[in-house]
Amino acid sequence: MAAPLVLVLVVAVTVRAALFRSSLAEFISERVEVVSPLSSWKRVVEGLSLLDLGVSPYSGAVFHETPLIIYLFHFLIDYAELVFMITDALTAIALYFAIQDFNKVVFKKQKLLLELDQYAPDVAELIRTPMEMRYIPLKVALLQCFPQCYFSCLSDIPVSVPTHLVCPRTPLSPPAAVHTCENEEQSLLDLFLGVCHDVCGKPSGNHLPLLLPSQLLGFHPRSLWLYINVFFYTIPLAIKLKEHPIFFMFIQIAVIAIFKSYPTVGDVALYMAFFPVWNHLYRFLRNIFVLTCIIIVCSLLFPVLWHLWIYAGSANSNFFYAITLTFNVGQILLISDYFYAFLRREYYLTHGLYLTAKDGTEAMLVLK
Amino acid sequence: MGLLSDPVRRRALARLVLRLNAPLCVLSYVAGIAWFLALVFPPLTQRTYMSENAMGSTMVEEQFAGGDRARAFARDFAAHRKKSGALPVAWLERTMRSVGLEVYTQSFSRKLPFPDETHERYMVSGTNVYGILRAPRAASTESLVLTVPCGSDSTNSQAVGLLLALAAHFRGQIYWAKDIVFLVTEHDLLGTEAWLEAYHDVNVTGMQSSPLQGRAGAIQAAVALELSSDVVTSLDVAVEGLNGQLPNLDLLNLFQTFCQKGGLLCTLQGKLQPEDWTSLDGPLQGLQTLLLMVLRQASGRPHGSHGLFLRYRVEALTLRGINSFRQYKYDLVAVGKALEGMFRKLNHLLERLHQSFFLYLLPGLSRFVSIGLYMPAVGFLLLVLGLKALELWMQLHEAGMGLEEPGGAPGPSVPLPPSQGVGLASLVAPLLISQAMGLALYVLPVLGQHVATQHFPVAEAEAVVLTLLAIYAAGLALPHNTHRVVSTQAPDRGWMALKLVALIYLALQLGCIALTNFSLGFLLATTMVPTAALAKPHGPRLECNGAILARCNLHLQVQAILLPQPPKYLGLQSFVLVARLECSGVISAHCKLRLLGSSASPASASGVAGITSMRHHTWLILYF
């Protein structure tokens, strides 16, 4: 499996290099769907130049990154493009091996449960085979590389880095903790996240006295109620999904991407890269058609309404934000659909595929 | 828990959609057309009203009395123009300076894309003359524009005369808070575009022009005047701008208010508006007006110089004086007073016009239909495509639905994802090919123009047309090959999946077009929706899917032509929406945008061939 991965990486690097040098780069780097105040590369450059002048980067409310970014990019700012490409490639490789490990774990667990006769007799078609799981890591790496490279690589720091640094870090630690408890071998994904947690857990550095970035980041009381949504779901999900930490992580990342204060395309692409891992749930998804249509329509309407609002002056902000709301509703329904499909598959695995009620008639599974 | 999760209701809905699909589609289509036709009747059409408070009351007293002066200027202008054969620039400069304005000129030239019969590239060149009246009470932050487009013939002399007389009158007043620019352009739309581009420091049409020496501040509103006779019987107003953009309705209301105040007859499309909307005559005439407006808006051509101002977010109107056989005639003083009143009211504005509607339809001068009321017409038409797509999806997943409600006989055990995945993979090829065809249609004719004339003995215009025809003819091979590619896996499902994707794509495109230019979207939808919904393969030929895709392509091509390019001055990025959609294909869920040329704010622009006058020929070409 190394050869296809290498091919994917080579192609991704080439496409990124080509895009960096094209006229698209400047254009995409100013689109509002791609760049937000949290993830704008221009702001990082501005903050670093302020630092060079001896001014705190956080004065002026332009720079919203953590001190870690300052330390990292202070020396790497000339090689920004290379750093982005390498980080994206590393993320893809890490995800590839992590998903491969995860697949092995899943398969082992499945075999164990089969031998222990925990599954109902007629669920043969729900059991996952190594054959169908063979290409999943490659697909995940592919999906991670390409949408990212079209959007995020040109305009902001690779999403994997700020997502773990800037976004609330606490909701991601329960799944990581649960995962480490369960498996003796450390999966790469877990390691990756753990490292990030350790590093960012430190308070702001000692050199720059007044660095309090998190306070600048939208802990304003008004946005608190929406922001709290990110934390609401952690504990109930942790309780429900305690045996499936990777799925929990996937749902948690999606929830973060939805309720984040400045969501961008990169965040959406991050959790969508994981869809191949849950491919086997496709048959249980109920509304995939409507939801795909909603998401595609909203994505296409973003630039149209932005144009009508800002440039043509015909529409106003209501139109644009209505579309962002609809997009979020679509995302929420998609995630809850996946959740439902996952739970349903678990139920079928233990209770059999063809359900009968007590009096022998057919039964239906209804979510209450 | 609602429709999305309750299996009983879902099954009922699915049965409903599958069984009643054809009647529902027909009903929806008829509802869309009927809604559009019903737009002229009173509940849907409302009287216009002034929304902007700053322009609410007409408490200005017009004092313009320079009718004689205007006529004198007009005669002088006409004489000088006849003598010089072109715009009498020196005379204009002298006169404007004598009136008290700051006068500047701008020369421009444009090579027309197709040479004339003698195989020479026709270069249109001219000079614009404009005078700035500086506001005595403010810094030059905002301005208004009064423009008279002068073609190569001898029309609009009275308009120039009135412009100069008004300038003289305005110069003597102390209440101006915005600068006023009096602009006389040569070669109609070409000159206006050259001036606007230079003013806003962009270059979207490839025009060569000298930079402007004097500027007056951000333009808030503009009025284009066309008068060719000493007396008029009515003032006609034109609103449709480039790419179907319309000025803010308040500007129209303003014009109407001052016409009514001065007792001046005002008309729309040359016709007086019906008074009585309760009986049937009024709405029928309104329907005629509405249809004509829809046709004009859909064509994307600006119906006056004002149309070019709109894409720079300057609200503008064109006023034309009509001299018909009516009894009562008005002289230049009446027109001048109306203009004076309008400018004084515009002077009161504290911010750009934003209160009233930007998107509307006019069944009559004093009636309008707002976007919230006319959009459902397009919505119903697109619903047909949605219903058809839903039906196709359900038919494709009938096997899957059997599994979802386990209880009946065990459903077929063929797992869905692999076959659906395989189906999707084989769909990508036809989609990419049609995208590529759309891109070729957009790019190749212009690119290949020069190459073709070098290698083949054709004229350039013929080269363009022949390239287009060649690409379309090549595209006719698409259905044949689609059939081969798509039906290898499962003959039935292949075309259904392709049609599903094509329908969704078409619905998306039509929706986006309808948002930016409603009339174009509506007209395209009325023709494309029935054909797309009804297209179905008969026998092994499967031509129809290719036809849908080719239609999607034509559609995409049309949209690519008619899309905006913005001016630079707002410092924002420009994009051509669909052009990029054509070549990006179905890659990601987000729309890709393509920078075209200058960075500027995309208000509206087009690759469309607009029209402007030329000396030797009666046809006009303007590439944006």
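**Figure 1. An open sheet of 3 strands in chain B of the predicted model**. The strands follow the order β1-β12-β11, and their pairing is antiparallel. The edges of the sheet are formed by β1 (46-47) and β11 (360-364) of chain B, each of which pairs on one side only.

**Figure 2. The pairing of β11(B) with β12(B)**. Strand β12 of chain B comprises residues 367-370 and is joined to β11(B) in the antiparallel sense over 3 bridges. Within this region, G364(B) has R367(B), a residue of β12(B), as its bridge partner.

**Figure 3. Chain B as the setting of the sheet**. Chain B contains 19 helices and 14 strands. It has 624 residues, of which 57% count as buried. Among its contacts between residues at least 6 apart in sequence, 79% join residues at least 24 apart. The exposed area of chain B is about 24,600 Å², and 61% of it is supplied by carbon and sulfur atoms.

**Figure 4. The surroundings of Q245(B)**. Q245(B) lies in the loop between β8 (234-238) and α7 (249-262) of chain B. Is this loop residue, Q245(B), buried or exposed? Q245(B) counts as buried because its relative accessibility is 10%, whereas the cut-off for buried is under 20%. Along the chain, Q245(B) and L308(B) are 63 residues apart, and their C-alpha atoms are separated by 9.6 Å.

**Figure 5. A nonpolar surface patch in chain A**. Four residues, Y79(A), L82(A), I86(A) and L90(A), make this patch of about 430 Å². One of them, I86(A), is located in helix α5 of chain A, which covers residues 80-115. The relative accessible area of I86(A) is 47%. I86(A) is therefore classed as partly exposed, since this class lies between the cut-offs of under 20% for buried and over 50% for exposed.

**Figure 6. Helix α15 of chain A, from residue 245 to residue 259**. What span should the 15 residues of α15(A) have at 1.5 Å a residue? The expected value is 21 Å, and the end C-alpha atoms of α15(A) are 21 Å apart, so the two agree. All 15 of the 15 residues of α15(A) are buried, and the helix is therefore largely enclosed by the rest of the structure.

Note on methods:
Residues are numbered from 1 along each chain as its sequence is written. Chains are lettered from A and ligands numbered from 1 in the order in which they are written. This is a predicted model: local features need pLDDT of at least 70, side-chain atom pairs count only at pLDDT 80 or more; totals for chains, interfaces and linings use all residues. Side-chain values use heavy atoms; hydrogens and water are left out. Two strands pair if DSSP finds at least two bridges between them. Helices (H or I, at least four residues) and strands (E, at least two) are DSSP runs, numbered from the N terminus. Buried means under 20% relative accessible area, exposed over 50%, partly exposed in between (1.4 Å probe, protein chains only). Contact means heavy atoms within 4.5 Å. Accessible areas come from the Shrake-Rupley method with a 1.4 Å probe; for residues, only the protein chains shown count as cover. Patches are made of residues with over 30% relative accessible area and no salt bridge: like charges are joined within 9 Å, nonpolar side chains (Val, Leu, Ile, Met, Phe, Trp, Tyr) within 5 Å. A salt bridge is a side-chain nitrogen of Lys or Arg within 4 Å of a carboxyl oxygen of Asp or Glu. The expected span of a helix is 1.5 Å times one less than its number of residues.
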